Amino acid sequence: MIADTVERTASGADSRDLHSVSGPSSADGARNAPSFLSLKNVNKAFGAFTALEGIDLDIQEGEFVCFLGPSGCGKSTLLRIIAGLEQQTAGTISHRDRDISGDSAAARHFGILFQSYALFPNLTVRENVAYGLHNQKLSADVIDRRVKELLQLVELTGSEQKYPRQLSGGQQQRVALARAIAPSPKLLLLDEPLSALDAKVRVYLREKIRELQKQLGLTTIMVTHDQEEALTMADRIVVMNQGRIDQVGAPIEIYKRPSTRFVANFVGKANFIGGNVSGTLIQIAQNTFPTMEGDKLSDGAIDICVRPEHIQLTSPGATSGGTLGRVEKVEFLGSFYRVAVSSDALSKTPIIIDLSAGTQNELSFQVGEAVRMIFSPQHFTYFAAEQNVERG
């Protein structure tokens with residue numbers, strides 16, 4: 001459940017302001033530190049197609065940063081430009097205040113791990129890991145010691161003489177990771193390294209990668225389209241959409257304070273409910289809520305984003321207030337249930353509500369049953385009104 005993932009990752013305050021899309025946000029700590037890697041107005045065009053536009057980003061030493069977004073948003077192109085495998089059309093890339101925009105991939109000394117792993121099939125595990133070390137003209141003893149240390153780190157001691165075909169997908173990924181970090185790169189770049197693995201192996205390996213990154217203090221950028229990966233692994237997430245950055249922030253900030261509708265919809269589930277603001281009051285259907293301290297809302301129509309776990313579901317007679325609806329669907333998702341409730345007073349589309357397994361087992365909501373939805377204004381995030389959302 002994404003909400004549980006975020007709560008375990010960090011803590012933070014809910015959003016109160018009506019967000020704009022004028023630019024990305026960033027964490028205060030990262031903003032004050034000197035930049036390890038800095039991207040200024042990076043653009044990339046392939047003929048008439050603009051893949052990246054106006055990318056500004058600062059990454060701090062030791063950070064684990066995830067580029068998150070749907071297919072085609074430009075995240076892998078941006079990673080390849082940082083690696084030196086693609087040349088930007090405009091803009092600069094600096095490493096510790098030195099412009100490396102024109103440097104070759106080899107001159108940048110960045111390690112990169114692709115989705116395919118690209119292990120050499122004719123080389124053993126030991127030879128694959130040692131491959132980049134030979135180019136550094138190290139002695140055989142130093143290489144031997146380094147390989148042993150790395151295989152111990154990735155828990156593959158004893159597999160030195162095996163070939164890639166003799167390993168599982170997860171083991172191959174760990175060999176590729178060891179090979180990428182063997183030459184002690186300045187920056188580690190990961191391009192969807194877990195996407196080809198099954199769910200259980202992915203969970204194990206994302207924990208292993210994060211553990212290694214912290215242990216080595218290695219600045220890391222990972223591309224992913226998996227929200228849960230980004231939320232559990234990243235210090236900061238860069239949410240990308242159509243070649244631009246929509247928002248930059250800590251996982252809890254991205255989830256609880258989405259700055260655009262796209263971020264709210266892409267990172268987790270979001271309900272958009274129409275309402276109206278009048279002074280210090282918000283009207284949603286037949287319910288009136290006070291605005292919270294710090295709210296900056298103008299009178300008139302507004303859309304309110306509410307996460308599924310922040311809506312309480314009860315039987316109609318259990319309490320007063322709230323909004324009535326009818327259960328359309330109940331999905332069992334392991335540790336929780338996802339309930340879809342229709343209510344013409346709130347939205348043209350069903351309201352999605354996540355219930356713990358204990359709550360659903362106790363109340364046992366069924367398809368077709370009348371229910372009451374209870375909302376709390378401290379969990380509201382506000383956006384400018386759109387025509388496809390019903391007004392309160």
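So, helix 7, residues 169-181, and helix 8, residues 199-216: each of these puts at least two residues into the lining of the second largest cavity. Keep in mind that this is a predicted model. Helix 8 is the main contributor to that lining, with 4 residues. The full lining is L177, I181, L188, I209, L212, Q213, L216, L218 and T220. Sort those by type and you get 7 nonpolar, 2 polar and no charged.

How much space is in there? About 50 Å³ for this second largest cavity. And with the cut-off at 30 Å³ or more, the count is 2 cavities.

Now, L177 is a name to hold on to. Besides lining that cavity, L177 is among the residues with the most contacts inside the largest nonpolar core, alongside V129, L190, I237 and V267. That core has 45 residues, and helix 7 gives the most to it, with 6. There's also a second, separate core, made of 27 residues, L52, L187, L189 and V248 among them. As a general remark, nonpolar side chains in soluble globular proteins tend to be buried together.

Let's follow V129 for a moment. What does V129 touch, leaving out residues up to four places away in sequence? The list is V147, L150, L151, V175, A178, R179 and A182. V129 is one of the buried residues of helix 5, which spans 125-134; the others are V125, N128, A130, G132 and L133. And what covers them? The cover includes helix 6, at 140-153, and helix 7.

Helix 5 also brings us to the rings. Over the whole structure, the search turns up 6 aromatic pairs. One of them is F120 with Y131, a tilted pair at 4.6 Å centre to centre, with 45 degrees between the planes. Y131 sits in helix 5, while F120 is in the loop between strand 6, 110-113, and helix 5, so the partners are 11 residues apart.

Are those two rings' residues buried, or partly exposed? F120 has a relative accessible area of 28%, so it's partly exposed. Y131 comes in at 43%, so Y131 is partly exposed as well.

Then there's F380 with Y382, an edge-to-face pair: 6.3 Å between centres and 80 degrees between planes. F380 counts as buried because its relative accessibility is 1%. Y382 is buried too, because its value is 1%. Add F289, and F289, F380 and Y382 make up one aromatic cluster.

Key:
Residues are numbered from 1 along each chain as its sequence is written. This is a predicted model: local features need pLDDT of at least 70, side-chain atom pairs count only at pLDDT 80 or more; totals for chains, interfaces and linings use all residues. Side-chain values use heavy atoms; hydrogens and water are left out. On a 1 Å grid over the protein atoms alone, a cavity is a set of points where a 1.4 Å probe fits but cannot get out, and a pocket is an open set with protein on both sides within 12 Å along at least five of seven lines; lining residues have an atom within 4 Å of a point. Grid points are joined across faces, edges and corners, and a volume is the space filled by probe spheres set on the points. Ala, Val, Leu, Ile, Met, Phe, Trp, Tyr, Cys and Pro count as nonpolar, Asp, Glu, Lys and Arg as charged, and the others, Gly among them, as polar. A nonpolar core is a set of buried Ala, Val, Leu, Ile, Met, Phe, Trp, Tyr and Cys residues joined through side-chain atoms within 4.5 Å. Buried means under 20% relative accessible area, exposed over 50%, partly exposed in between (1.4 Å probe, protein chains only). Contact means heavy atoms within 4.5 Å. Rings of Phe, Tyr and Trp (its six-membered ring) pair if their centres lie within 6.5 Å; planes under 30 degrees apart count as stacked, over 60 as edge-to-face and the rest as tilted.
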